[in-house]
Amino acid sequence: MKAKILLPILIAALALGAVQAWAQAAVGAPAPSFTLTDTKGAAHALADFAGKPVVLEWTNPDCPFVKKHYGAKNMQALQAKYVAQGVVWLSVCSSASGKQGHYPADEWNRILAEQGSAATALLLDPDGQVGRAYGAKTTPHLFVVDAAGTLVYDGAIDDNPSTDSADIPGARAYVSEALDAVLAGAPVPVAQTKPYGCSVKY
Amino acid sequence: MRYGAPMKALLTSWIFALATLAAAAPVRNGPVAAELVAETRSFAPGQPFTVAVRLALDAPWHAYWTNPGDSGLAPAIEWKLPAGFTAGELQFPYPRAIATPPFMTYGLEGDVWLLATIAPPAEWNEERATLAATVDWLICDEYCVPGSAEVELTLPVGAGPAEPDPAQAAAFAAARARLPADPGGWTFRALRESDRFVLAAVPPADFAGDVPAAEFFPFAEDLIQHNAPQAWGRDGAGYRIELVPADPAAPLPATLSGVLVGPDSWHAGSPHRALRVVAPFSDSEVPPRSANPERNNTP
């Protein structure tokens with residue numbers, strides 16, 4: 001009797017799990033909710049930032065594409081510029097334990113200081129649950145959530161998929177365009193692009 | 001016999017010297033040895049010839065195809081050619097699907113030969129020409145490393161038409177066999193069938209073989225879900241492969257284009273395993289299989 005009841009529940013749970021496993025996030029739909037702990041030990045839920053635009057930036061400090069944007073101080077400049085305008089900037093690391101980019105919190109704090117990161121926080125997602133829910137494919141891969149909680153941008157930081165920081169000034173900066181539009185209350189000009197970078201090390 | 005023996009010996013050594021000039025040493029950068037290789041020992045002004053950008057990758061590293069899949073980046077070249085010379089696009093071999101769940105990438109492994117046609121000017125008054133290039137690549141295994149090399153190659157002007165280099169003939173033949181070939185009698189069409197793209201492939205009338213499996217690699221990066229299984233099977237007089245669209249709501253592109261990679265034997269009398277596919281999308285849905293058992297070869 002017990003088994004009869006449990007089996008459909010189990011099947012439903014598995015089916016739900018399969019749906020939730022990869023990319024629930026869709027541009028134009030509410031951004032998937034989450035709660036993650038940052039490198040200082042504080043918990044952050046997406047819902048905590050209701051009323052403010054939020055950037056989610058998947059990162060891995062050892063990936064050449066991430067180094068391109070941090071080495072040239074491009075990522076830090078974007079973080080500082082938009083945080084100053086009321087945007088919440090959350091860097092997220094989904095590297096699994098033992099994989100490239102996975103560091104304990106104190107080592108992360110040293111890396112963030114060395115980078116001069118101006119992000120609001122760096123969230124640790126070692127089981128990859130939030131990365132999978134958003135369909136985060138690469139580092140970097142950026143998402144913009146507007147003040148109403150709607151996902152309005154999913155994709156690359158810019159349109160030049162190289163590892164050469166000399167290519168940054170001439171590239172079309174999709175994330176800046178999306179944030180400028182969100183802050184002006186205008187539609188995001190390009191809402192979805194193919195992210196480029198190293199694969200997220202789930 | 002226009003020349004006497006001493007003159008002949010001199011000429012021979014001169015030709016030998018020119019032949020060694022055409023060779024350039026590979027440039028090693030980490031797990032990659034890069035070099036520029038010419039198919040010919042010389043060139044003739046006004047007559048295009050072929051060179052290869054050779055990237056010899058140590059195992060287990062891989063570089064990427066033009067569509068790298070879910071992540072990665074194809075090698076890029078910046079030519080530095082003498083005035084009047086032009087270079088065609090790099091021609092890539094077909095890739096291998098590399099699954100690292102949940103991702104799928106399209107990689108190039110081992111001894112990678114990227115071919116390019118070089119067109120020299122009709123007028124060239126020097127004895128030789130030096131082709132140089134900066135090659136950039138990204139290689140990945142568990143993690144990724146970008147790399148770069150400056151490569152160059154000096155070729156003499158020949159007395160007549162460019163002379164093939166016998167030492168390179170087998171390597172260039174192998175490199176060409178890995179390029180996608182023209183369909184050679186195969187016809188392709190693309191359809192949308194509910195939530196799938198279907199590529200229908202009809203072999204030439206005289207095709208007697210069987211194609212138990214094939215893989216499709218799209219040229220466009222955003223057309224299909226790279227990590228979704230591709231279902232290949234018989235369909236009337238031919239075959240079909242089902243692909244999962246990246247965005248089912250996106251408007252249909254004009255064509256489903258890419259390379260279809262089959263077994264060794266499927267392209268009769270040809271060493272090619274990959275066929276170039278440019279399949280126009282039909283407006284109509286695919287009819288049920290049983291309704292059209294006598295489909296002929298015209299799409």
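Colleague: In which order do the strands of the open sheet of 4 strands in chain B lie, and how do they pair?

Modeller: The order is E12-E13-E16-E15 in chain B, and the pairing is antiparallel; please keep in mind throughout that this is a predicted model. Since an open sheet has edges, the next thing to look for is the strands that pair on one side only, and here these are strand E12 (187-193) and strand E15 (231-235) of chain B. From one strand to the next, the twist averages 25°.

Colleague: How many bridges join E15(B) to strand E16, and which residue is the bridge partner of Ala231(B)?

Modeller: Strand E16 of chain B covers residues 238-243, and 5 bridges join E15(B) to this strand, the two running antiparallel. Within E16(B), the residue that partners Ala231(B) is Glu242(B).

Colleague: Which strands form the open sheet of 3 strands in chain B?

Modeller: That sheet has the order E14-E17-E18, again with antiparallel pairing, and its edge strands are strand E14 (215-218) and strand E18 (274-280) of chain B. The twist in this sheet averages 30° from one strand to the next. Strand E17 of chain B, residues 255-261, pairs with E18(B) in the antiparallel sense over 7 bridges, and one of the positions to inspect is Leu256(B), which stands opposite Ala279(B) in E18(B).

Colleague: Turning to chain A, is strand E4 mostly covered or uncovered, and which way do its residues point?

Modeller: Strand E4 of chain A, residues 88-93, is mostly covered, with 6 of its 6 residues buried. Val88(A), Leu90(A) and Val92(A) point one way from the strand, whereas Trp89(A), Ser91(A) and Cys93(A) point the other way, and all of them are buried. E4(A) pairs in the parallel sense with strand E3 of chain A (residues 54-58) over 5 bridges, where Val54(A) has Val88(A) as its bridge partner. E4(A) also pairs in the parallel sense with strand E5 of chain A (residues 121-124), over 4 bridges, and there Val92(A) has Leu123(A) as its partner.

Colleague: Which residues have the most contacts inside the largest nonpolar core, and where does this core lie?

Modeller: The largest nonpolar core has 65 residues, and those with the most contacts inside it are Val51(B), Leu55(B), Trp186(B), Phe188(B), Leu199(B) and Leu260(B). Strand E10 of chain B (residues 128-140) gives the largest share, 6 residues. Because domain 1 (5-177) and domain 2 (187-291) of chain B both contribute residues, the core lies between them.

Colleague: How should I read a pair of aromatic rings, that is, what describes it?

Modeller: Such a pair is described by the distance of the centres and the angle of the planes. The structure holds 24 aromatic pairs over all chains, among them the edge-to-face pair of Tyr103(A) and Trp108(A), with 6.2 Å centre to centre and 90° between the planes. Of these two residues, Tyr103(A) is partly exposed, at a relative accessible area of 24%, whereas Trp108(A) counts as buried, at 1% relative accessibility. In chain B, one aromatic cluster is formed by Trp186(B), Phe188(B), Phe207(B), Trp232(B) and Tyr239(B).

Colleague: Which arginine lies over the face of Tyr202(A), and which one sits over the ring of Tyr94(B)?

Modeller: Arg132(A) lies over the face of Tyr202(A), at 4.6 Å from the ring centre, while in chain B the charged end of Arg178(B) sits over the ring of Tyr94(B), 5.0 Å from its centre.

Definitions and conventions. Residues are numbered from 1 along each chain as its sequence is written. Chains are lettered from A and ligands numbered from 1 in the order in which they are written. This is a predicted model: local features need pLDDT of at least 70, side-chain atom pairs count only at pLDDT 80 or more; totals for chains, interfaces and linings use all residues. Side-chain values use heavy atoms; hydrogens and water are left out. Rings of Phe, Tyr and Trp (its six-membered ring) pair if their centres lie within 6.5 Å; planes under 30 degrees apart count as stacked, over 60 as edge-to-face and the rest as tilted. Buried means under 20% relative accessible area, exposed over 50%, partly exposed in between (1.4 Å probe, protein chains only). A charge sits over a ring if NZ of Lys or CZ of Arg is within 6 Å of the ring centre and within 35 degrees of the ring normal. Two strands pair if DSSP finds at least two bridges between them. Axes are lines fitted to C-alpha atoms, for helices over the stretch in contact, and angles run from 0 to 180 degrees between N-to-C directions. A nonpolar core is a set of buried Ala, Val, Leu, Ile, Met, Phe, Trp, Tyr and Cys residues joined through side-chain atoms within 4.5 Å. Domain bounds come from an automatic or database domain assignment.
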